[in-house]
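Me: I would like a close look at one part of this model, the charged contacts, and then at what surrounds them. Please keep it brisk.

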Amino acid sequence: MKLGPVELPALAVPRLGLAAFRRRAVVHLAFLLLALATVGLVLTVLIDQKQRAYQRYAQGFRQSLAEIVLQLRHPSGQLALLNPTMSAGGRDGQAPVLLPFSAIDFDDQNKAQRAVEMAGCGLRWPDGASLCAAVGANAYAGGFLYLVGSLESGPLTGRQHGALDLAGVHRARVTLTLRGETQTWIAPFEGAAAADGTQRGRLTGFIGAGPQLPGKARPVREFRGWLWREGPCAEGSSGPDCARRTFYSIRLPVEAFQAALFDAAGQRARPVWPPTDLDQARVRVELLGPVEPAKPAPGASTAATAAPSVAAPSTDTPSAADPPASDAARGDGPVLFDSARPGASLAQSLDRIGASLQPGETLRIERQGRQPQTIAERRGPELSERALPWLIHVMRRLPVRGEVLGVGAGTDAAEVRWLTASDEVATPSGRYRLELRGDLRSLDRQLALEARPLAWLAAAMLAAVALAWLMVELGLIRGIAVLTKRAAAVSYNMQDARADQRIGELDVADLRGRDELGILAGSLADALSRVKDGLRREQLRAEREREMWHAVGHEIMSPLQSLMVLHGAPDDASHRYVQRMQQAVKVLYGSAPPSEALASADLHPQALDLVAFCREIAANAHYAGIAGVSFSTALPEPLPVRAEAYALEDAVTHVLRNADRYRPEGTPIALTLEAGEPGVVLLRIHNQGPPIDAAMLETIFEYGVSDTAPQAAGERRGQGLFVARTYLAKMDGSIRAFNVPEGVVFEMSLRRAAA
């Protein structure tokens, strides 16, 4: 048989409180706390990293200035300060520099070499050659130009005393260009070789370029020079004629310098030293070898070739534009060294002073005086990479304690943008002030570059947290929320008269799936489907049962009508019970459920003599199978109350049956009447027997409550006391039960009727 649908109105969805979403809120809060913990961890690491970086930078900043000052206080640093425009020179020669010493002891090789090396003076070439062209710091040292250098060379050929031809000897040629004038000196080597191959001798200076001296040539009086060839053989050579390190030291008199000094001394004025145009002067040093004899041509006479080939004397100064090989072409011999050749580099300069500066740092050097003059300004390198702008902004906002930068404990170091430090260096020519300035914003950019991997890691962690939250929220929590709301809707509507059928309206089939929630929803949907089918079957069974009971009631009413006719006499004791049976059938079978039938029954209370009623109940109780019922009262007769005789008799009979069931065999049941509150009469039914559980004293009057199982004939217990309470309530009365030492008492209260 096909079951029909159960028609119910749509379920009303209640507004759920916070408690229904507590676990959902806890899950969301857990993810939020996880994200905040990730951000907090990253910020903590960045703050600690910035704190340490600022502290290291502050220490390194002061240490950098101290190292620069220490470097500038060294003779090499003072040389750089005294000659800020020092350069590597060019093909026109090298500009002389101002030494931090008063003069150079050029006659002593060790002293001259140590002074040059200590000051870091001069140029360096890749083959190891060097040259320092400088003037002393003391104006009263005579205005000399010092030329100190070295190179590697083979055995040197010296000049014989008085010889005018310099083509066959080693010689040095010095060219000085100053204030538009050019002056040249030629200085042949005069010395001999020792037994061990070392050589030491003088460089005697003459005016001119050589290689032929004039007949009456005299050495320049104040021109002094020395040349030393000694030490081990150079790498790649051996034997007595091997190449050795050759060191030379020359003191060159400069007439322009001396004239200025003497004029100042004659005028009793303090000479200006060093000369203001010192950096405009150019000096060139060349070391020339002997001219090799020319080879005779084929067919030439022996006499013609026997004479040595000597180049014509020349006093011309070589042009700066001429290549070094032009000297050999002119007959000057091979060029062993030329300071005008390319490839030279400075040993020390102010450019190297700022090589260790960090990004964002600026070093400014000022010469102190009446009008301070900035002689050099160096900046640190720029960062090769660009950091993320937002990360730079975050790094700048991170707090740092002020004491790490020495700005005070109450100051936030993140608000400081610059660090400055200064010091002074004293030199023979004056005092110099050094100011080092550091830009902390560059440090923040550098920290942002270093923090970029950590930022990407934090972003990945936050993305993972967000993805996990979305998966939990969309894949699980929302499904649970939908299931919760639908179940709450059913629970909310359970107050309906057909509440047992409301569960059938819960549909979760749309939540089916292959995950955990989908499997649970599918199982619940299958169970609900079976519940719906059971509800439909129960509805049909209840309808058929109601029809059956109506039919049974109709069939019973027919013989009861016949019994009413047979026992219609007023003095017939059976007439009363037949009437009660007819009334009970009308009440019980008007509708199917007994509880609903009793609750909907209509009673018509009237004035009833309660004393006569109770006396008759006690007298006729044995007809109902209840023996030993006695009645006593001290109240006067008649005692009218508001009640319906059949309903009150039915209620008293149900209580008597209940008392008869629990009393010991042979003990009496006593009915008594007592006066209660004004206008109330109390009917008490007392029986001996076991007491009623205190927890059951109120519930025994509910429908279906009983401590015995249904009888075999299908009769159910738990209906009699419910009938008694229902009927008494309709008659404006009440009933209660209480335990006494000898048993149980049921007390019915009824309202007095007007006499």
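Which two side chains meet in a salt bridge with an N to O distance of 2.6 Å?

Reply: They are the side chains of Asp277 and Arg179. A salt bridge here is a side-chain nitrogen of Lys or Arg within 4 Å of a carboxyl oxygen of Asp or Glu. The pair links distant parts of the chain, 98 residues apart. Asp277 sits in the loop between α4 (255-266) and β11 (282-288). Arg179 sits in the loop between β5 (171-178) and β6 (181-193). Helices (H or I, at least four residues) and strands (E, at least two) are DSSP runs, numbered from the N terminus. Asp277 is buried, because its relative accessible area is 17%. Buried means under 20%, exposed over 50%, and partly exposed in between (1.4 Å probe, protein chains only).

Two notes on the basis. The model is predicted, with local features needing pLDDT of at least 70 and side-chain atom pairs pLDDT 80 or more, while totals for chains, interfaces and linings use all residues. Residues are numbered from 1 along each chain as its sequence is written, and side-chain values use heavy atoms, leaving out hydrogens and water.

The whole structure has 23 salt bridges. Another one pairs Arg245 with Glu152, with closest N and O atoms 3.6 Å apart. Arg245 lies in strand β10 (residues 244-253) and Glu152 in strand β4 (residues 144-153), so this pair ties together parts 93 residues apart in sequence. Arg245 is partly exposed at 31%. Glu152 is also partly exposed, at 42%.

Arg431 and Glu424 form a further salt bridge, 3.0 Å from N to O. Arg431 is partly exposed at 45%. Glu424 is partly exposed at 30%. Shared partners join Arg173, Arg284, Glu286 and Asp338 into one salt-bridge network.

Glu286 also helps line a cavity. A cavity is a set of points on a 1 Å grid over the protein atoms alone, where a 1.4 Å probe fits but cannot get out; lining residues have an atom within 4 Å of a point. Grid points are joined across faces, edges and corners, and a volume is the space filled by probe spheres set on the points. The structure holds three cavities of 30 Å³ or more. The one with Glu286 is the second largest, at about 40 Å³. Its other lining residues are Ala172, Leu203, Tyr248, Ile250, Val285, Leu287 and Phe337. β11 gives the most to this lining, with three residues. By class, the lining has seven nonpolar, no polar and one charged residues. Ala, Val, Leu, Ile, Met, Phe, Trp, Tyr, Cys and Pro count as nonpolar; Asp, Glu, Lys and Arg as charged; the others, Gly among them, as polar.

The largest cavity has about 80 Å³ of space. Its lining takes at least two residues each from α11 (573-588), α13 (610-620) and α14 (645-662). That lining divides into six nonpolar, two polar and three charged residues. Among the charged ones are Arg580, Glu616 and Glu649.

Last, a helix. Helix α15 (residues 720-730) is largely enclosed by the rest of the structure, because eight of its 11 residues are buried. Phe722, Val723 and Tyr727 are among them. Just after α15, Asp732 takes a positive phi of about 65 degrees.

Notes:
1 Å grid on protein atoms, 1.4 Å probe; cavity = no way out; pocket = protein on both sides within 12 Å on 5 of 7 lines; lining within 4 Å.
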